[in-house]
Amino acid sequence: MFGIRPFGPLPFGAAPVAADAPTIVIAEAQVVITGEYSVYVSTREFITGSTDEPARQPFDGTLEQPLRFQRSINGDGFSGFIQGQGSMVIDNVDGAYDFLPQFYALDGRDQEVRFGVEGEPYRNWITIFAGTASDFHVDEDSFSVDLQDYGYKFDVPLQSNTYAGTGGVEGGTDLVGKRKPLAYGYVSNGTPVLVSASVQLYQVHDGSLHAIAAVYANGVALTFGADHPDAASLLSATVGDGYFDTCLAAGLFRIDFLLDGDVITADIEGDAADGAFVSTVSGIVRRIASRFLQTSSEPVYELLAWDNDGAGDVPIVWDDEDGNAQFLTWQDPAFRSSALYEPAFARHATQYPFEVGHYFAQDDTSSVADALSRIAGYGNFIGFRRDGKLTIGRIGAADGPPVLRIDRIDIMDVRREKLPPGLSPPPWRWKIGYGRNWRVQDSEVAGSVTADRRAFLAEELRYAMAESAAVKNDHPFAQEREVGGYFRDKDDAQTEGNRLLALFSRSASLYRLTIDERGFGVDVGDTVHVTFPRFDLGNGRSLIVVEINEDAGLGQTVLLGWG
């Protein structure tokens, strides 16, 4: 892997180095096959100190291109799952690395690139990239490494567990190799998997559930009987006529009949791993991420306040599991112990508390990245930070404290760019979907079903509307946008629709800024404040960073900022 242990995140407002400071960008390469082989390189030769990690380690000055890397949320609405790619190059003119392809593999090994001031203790240098190698190549001149962030860990199926077809809860031969369903948050009228027709056994979630709130046969609600502690107890139970029994611990239920043409559906309150039900975007993302990263599915602390002064020495106040205040700094090991960037998850939980629901049926082939992108919804983004931690963010007005202030002295080039097509001309009407019906039913609904229930079952979505006649008047080609669809309640959908209307109907610009190495301390989603004597930047303007392209060899970063 390239790099030493991950370094903690930068405090708000802190710049990595002074603008005129002499700098080095370094990397440590480690390739593993049956043992360990490490290569320590930097842009200048040096040796770490006795209190650094690793201590007294020589670094060869053969790092030719420390890092080229790009990450972006510059899509429609600045939303979705972020994945970044890049490369680094080590000099091989003397043939020192000619033997590597014959004996070692590098792909899939962790990598890290650090940036620091020459003479500053190595332990204080900041991480500008933590990720993995996707490939490498050695030729007569160079040893080059292709890099990508940890988003690759989510390029796998969300659900890899399938039915074995061995009977009981593993179903019959007709289910062999088919995926088990997953439910998160609130799911209305989801279609369960019929695991065993002989005992009318169904599954709605691969794991423990909070509740199966209702079961329907052709839209008619059955009566709840009892919950059983395990699948064996459920299978041996006698289910009453017109009733359903559950095993929430295994995501199962049983009924007492099934007629030809009957359609069985259920209202589900999903995953309850660790005994905790989650129904917000941040909670569900955390829960899913915990299955694929070495991290807890629950927050270690509740964030009560954080340092906004930029100095990095004001304590961050957390609430521990016993309700006691904990005063931590950004360098505290608690921030390095999780694969999640906890302050971002805490902020998102406060900013976006809306209840949502997602159902992944047995025919759903979503990757983890695709699933997280859907769960995040429009206006939210998920991805891995420079330090390798998973973060979550919400695009909004750039009114928070900037992590960096730049002006014409720092800017090498500035260009104004066109907004994404979905935002220019601005939308005058937002349709926000809510109350999703996961199984649309019409002719298969029983005659006794009420008119209101029948109307619900006939439509997949309902919509909250947010619109502005003034925007349409000012922009004859103003758009109508339809987004969302996973909100549980209309009021929450309306709140988000009103926010999106206000956010994207105001005057906003997109700028591509080329600056010096100070950009190495900036991450996607951060706020920067820009002052420049052109466009609408003359009096200074705060922008949200939606794309980063950096070239550590040239000592420059290209930031795309919106605001």
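Gln70 of strand β5 stands opposite Gln85 in β7. This pair belongs to a predicted model, and it makes a handy entry point to the strands around it. β5 covers residues 63-72 and runs antiparallel to β7, to which five bridges join it. A further partner of β5 is strand β33, residues 541-551, paired in the antiparallel sense over five bridges. Here Ser72 is the residue to look for, since it stands opposite Glu547 in β33.

**Around Ile82**

Staying in this part of the chain, let us turn to Ile82, which sits in the loop between β6 (80-81) and β7 (85-91). Is Ile82 buried or exposed? Its relative accessibility is 5%, and the cut-off for buried is under 20%, so Ile82 counts as buried. Which residues does Ile82 touch, once its neighbours within four places in sequence are left aside? The contacts are Arg71, Ser72, Ile73, Asp149, Phe381, Ile382, Gly383 and Val524. Ser72 thus appears twice in this story: as a contact of Ile82 and as the residue opposite Glu547. Ile82 also illustrates how sequence and space can part ways: Phe384 is 302 residues away in sequence, yet the two C-alpha atoms are 7.4 Å apart.

That pair can be set beside a figure for the chain. Among contacts with a separation of 6 or more, 68% are between residues 24 or more positions apart.

**An open sheet of five strands**

Next comes a sheet with the strand order β15-β14-β19-β11-β23; it is open, and its pairing is antiparallel. Which strands stand at its edges? They are β15 (220-221) and β23 (357-360); each has a single partner strand, so one side of each lacks a neighbour in the sheet. Strands of a sheet pair through backbone hydrogen bonds, either parallel or antiparallel.

At the β15 edge, the partner is β14 (residues 209-217), joined to β15 by two bridges in the antiparallel sense. One of the residues to click on is Ala217, whose bridge partner in β15 is Val220. Asn218 lies in the loop between β14 and β15, and its backbone deserves a look: phi is near 55°, a positive value in a residue other than glycine. Asn218 is also buried, as its relative accessible area is 14%.

Another asparagine invites the same kind of check. Asn189 belongs to strand β11, residues 182-190, and its phi is near 60°, again positive in a residue other than glycine. With 0% relative accessibility, Asn189 counts as buried.

**Two cis peptide bonds**

For anyone preparing this model for a calculation, the backbone has further details to note. The table lists two peptide bonds to proline that are cis.

| Peptide bond | Omega | Place of the proline |
|---|---|---|
| Glu53 to Pro54 | near 0° | loop between β3 (46-47) and β4 (58-59) |
| Ser424 to Pro425 | near 0° | loop between β27 (411-417) and β28 (427-434) |

**Helices**

Now for the helices. How do α3 and α6 lie relative to each other? The axes of α3 (residues 281-289) and α6 (residues 368-376) come within 10 Å and cross at roughly 170°. Angles over 145 degrees count as roughly antiparallel, and therefore α3 and α6 are described in that way. The α3 side of the contact consists of Val281, Ile284, Val285 and Ile288, while α6 brings Val368, Leu372, Ile375 and Ala376. By class, that gives eight nonpolar residues, with no polar and no charged ones. An α-helix has 3.6 residues a turn, so residues three or four places apart point the same way.

Helix α5 (residues 342-351) is mostly covered, with seven of its 10 residues buried. The buried ones are Glu342, Pro343, Ala344, Phe345, Ala346, Arg347 and His348.

**The chain as a whole**

Stepping back, the chain's secondary structure comes to nine helices and 34 strands. Of its 563 residues, 55% count as buried. The chain exposes about 23,300 Å², and carbon and sulfur atoms supply 47% of that area.

How values were computed. Residues are numbered from 1 along each chain as its sequence is written. This is a predicted model: local features need pLDDT of at least 70, side-chain atom pairs count only at pLDDT 80 or more; totals for chains, interfaces and linings use all residues. Side-chain values use heavy atoms; hydrogens and water are left out. Axes are lines fitted to C-alpha atoms, for helices over the stretch in contact, and angles run from 0 to 180 degrees between N-to-C directions. Helices (H or I, at least four residues) and strands (E, at least two) are DSSP runs, numbered from the N terminus. Angles under 35 degrees count as roughly parallel, over 145 as roughly antiparallel, 65 to 115 as roughly perpendicular and the rest as oblique. Contact means heavy atoms within 4.5 Å. Ala, Val, Leu, Ile, Met, Phe, Trp, Tyr, Cys and Pro count as nonpolar, Asp, Glu, Lys and Arg as charged, and the others, Gly among them, as polar. Two strands pair if DSSP finds at least two bridges between them. Buried means under 20% relative accessible area, exposed over 50%, partly exposed in between (1.4 Å probe, protein chains only). Accessible areas come from the Shrake-Rupley method with a 1.4 Å probe; for residues, only the protein chains shown count as cover.
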